[in-house]
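Good morning, colleagues, and thank you for attending. I should like to take you through one model, moving along the chain and ending at the ligand.

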Amino acid sequence: MNLQDRYKKVKEQIAIAAAKSRRDPATITLIAVTKNGTPEQIRQLVEWGQSDLAESRVQQLQQRAAQLDEWLARQQGKNDKSPSPLPPPGSLRWHMVGHLQRNKVRSVMQLCQLIHSVDSLRLAEEIQGEAERTKRPMACLLEVNVAEESSKFGVAVGAALHLAEQIDSMDEVQLVGLMCMAPYSADPERARPYFVRLREIFEEIRFRKIGGEKFKHLSMGMSGDYKVAIEEGATMIRIGTAIFG
Ligand SMILES: *Cc1c(COP(=O)(O)O)cnc(C)c1O
């Protein structure tokens with residue numbers, strides 16, 4: 001399969017999984033994780049209308065975002081008659097999905113629309129400080145270590161609720177949901193209990209009205225397990241390999 005076939009297939013699978021769980025596919029955002037994509041592949045996706053992109057490393061995020069914006073700037077006005085005009089530079093939505101160090105917060109906040117990987121009070125405080133300085137609130141997800149693996153990032157399951165409460169008390173950090181990564185397995189069904197756990201924590205947080213109306217996202221599901229994640233309520237899926245090969 002080539003890039004176009006893989007991209008089409010992922011979109012079809014999203015529609016099938018949504019139908020299976022009686023969900024509107026429009027409530028599920030496909031985020032293309034570009035870390036293993038070539039610049040050419042990424043440009044192609046953007047031409048096909050993909051506007052949510054993610055990186056897991058800050059330096060890559062900076063390079064990719066800058067390259068794409070330069071390219072979009074050069075394309076401005078060139079394809080006026082094309083049926084799906086390219087978005088203007090600066091209008092792509094970048095997501096930071098990897099572990100984030102506090103000294104990288106400033107650069108990430110200049111580039112991305114959503115940070116998926118907030119997992120400590122100190123990191124949230126750093127984001128709050130930077131958002132106050134620039135007077136721009138930052139949307140964040142709380143990453144939960146649902147697999148309780150010491151090698152994984154994310155707040156421990158038992159500490160998630162309390163941390164959500166603390167983050168919610170920060171004026172400029174908008175807590176819009178939760179994120180998790182299931183341990184890798186060849187069998188996607190093995191991921192289901194982790195997605196169910198994340199959804200339960202999500203429901204508990206909503207029940208306590210932490211985060212308010214904005215708290216509505218579950219970022220879960222990658223190439224191997226996104227169909228199961230959609231069945232369990234994912235509103236954002238992060239796909240790399242299944243698109244880029
Ligand atoms: C790489 C990555 C993905 C995408 O993984 P694939 O299995 O290639 O789809 C999703 N989320 C995070 C946090 C990643 O680092």
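Arginine 22 lies in the loop that runs between α1, residues 3–20, and β1, residues 29–33. Please bear in mind throughout that this is a predicted model. Is arginine 22 buried or exposed? Its relative accessibility is 79%, and arginine 22 therefore counts as exposed, since the threshold for that class is over 50%. The backbone deserves a remark here: arginine 22 has a positive phi of about 50°, although it is not a glycine. By way of background, most residues other than glycine have a negative phi.

Lysine 209 may be discussed alongside it. This residue is not a glycine either, and its phi is positive, at about 60°. Where is lysine 209 placed? It is in the loop between α7, residues 192–207, and β8, residues 217–219. With a relative accessible area of 68%, lysine 209 is exposed.

Let me now turn to helix α1, where arginine 6 is found. The relative accessible area of arginine 6 is 15%, so this residue is classed as buried, the limit being under 20%. Arginine 6 also gives us a pairing across the sequence: it stands 239 residues from glycine 245 along the chain, yet their C-alpha atoms are separated by 7.9 Å.

A second pairing involves alanine 66, which is placed in helix α3, residues 58–75. Alanine 66 and leucine 111 are 45 residues apart in sequence, and their C-alpha atoms are 9.2 Å apart in space. Alanine 66 is partly exposed, because its relative accessible area of 39% falls between the limits of 20% and 50%.

Valine 105 belongs to helix α4, which covers residues 105–111. How is valine 105 classed, buried or exposed? Its relative accessible area is 1%, and valine 105 is therefore buried. For this residue I would cite its separation from valine 228: the two are 123 residues apart along the chain, and 32 Å lies between their C-alpha atoms.

Next, glutamate 232. Its place is in the loop between α8, residues 226–231, and β9, residues 236–239. Glutamate 232 is buried, at 10% relative accessible area. Which residue does the side chain of glutamate 232 contact? The partner is arginine 192, and the polar contact joining the two side chains is 2.7 Å.

I come finally to the ligand, which sits in the largest pocket. Around the ligand we find Val33, Lys35, Ser56, Val97, Met181, Met222, Ser223, Arg238, Ile239, Gly240 and Thr241. This shell divides into 5 nonpolar, 4 polar and 2 charged residues.

Which distances relate the ligand's oxygen atoms to polar atoms of the protein? Three may be given. For lysine 35, an N or O atom of the side chain is 2.7 Å from an oxygen atom of the ligand. For glycine 240, the partner is a polar backbone atom, 2.8 Å from a ligand oxygen. For threonine 241, a polar side-chain atom lies 2.4 Å from an oxygen atom of the ligand. As to coverage, the ligand taken alone exposes 390 Å², and the protein buries 88% of that.

That concludes my presentation, and I welcome your comments.

Technical notes. Residues are numbered from 1 along each chain as its sequence is written. This is a predicted model: local features need pLDDT of at least 70, side-chain atom pairs count only at pLDDT 80 or more; totals for chains, interfaces and linings use all residues. Side-chain values use heavy atoms; hydrogens and water are left out. A residue is near a molecule or strand if one of its heavy atoms lies within 4 Å of it. A polar contact is a pair of N or O atoms within 3.5 Å; within protein, one must be able to donate a hydrogen and the other to accept it, and residues adjacent in sequence count only if both atoms are side-chain atoms. Accessible areas come from the Shrake-Rupley method with a 1.4 Å probe; for residues, only the protein chains shown count as cover. On a 1 Å grid over the protein atoms alone, a cavity is a set of points where a 1.4 Å probe fits but cannot get out, and a pocket is an open set with protein on both sides within 12 Å along at least five of seven lines; lining residues have an atom within 4 Å of a point. A molecule sits in a cavity or pocket if more than half of its atoms lie within 2 Å of its grid points. Ala, Val, Leu, Ile, Met, Phe, Trp, Tyr, Cys and Pro count as nonpolar, Asp, Glu, Lys and Arg as charged, and the others, Gly among them, as polar. Helices (H or I, at least four residues) and strands (E, at least two) are DSSP runs, numbered from the N terminus. Buried means under 20% relative accessible area, exposed over 50%, partly exposed in between (1.4 Å probe, protein chains only).
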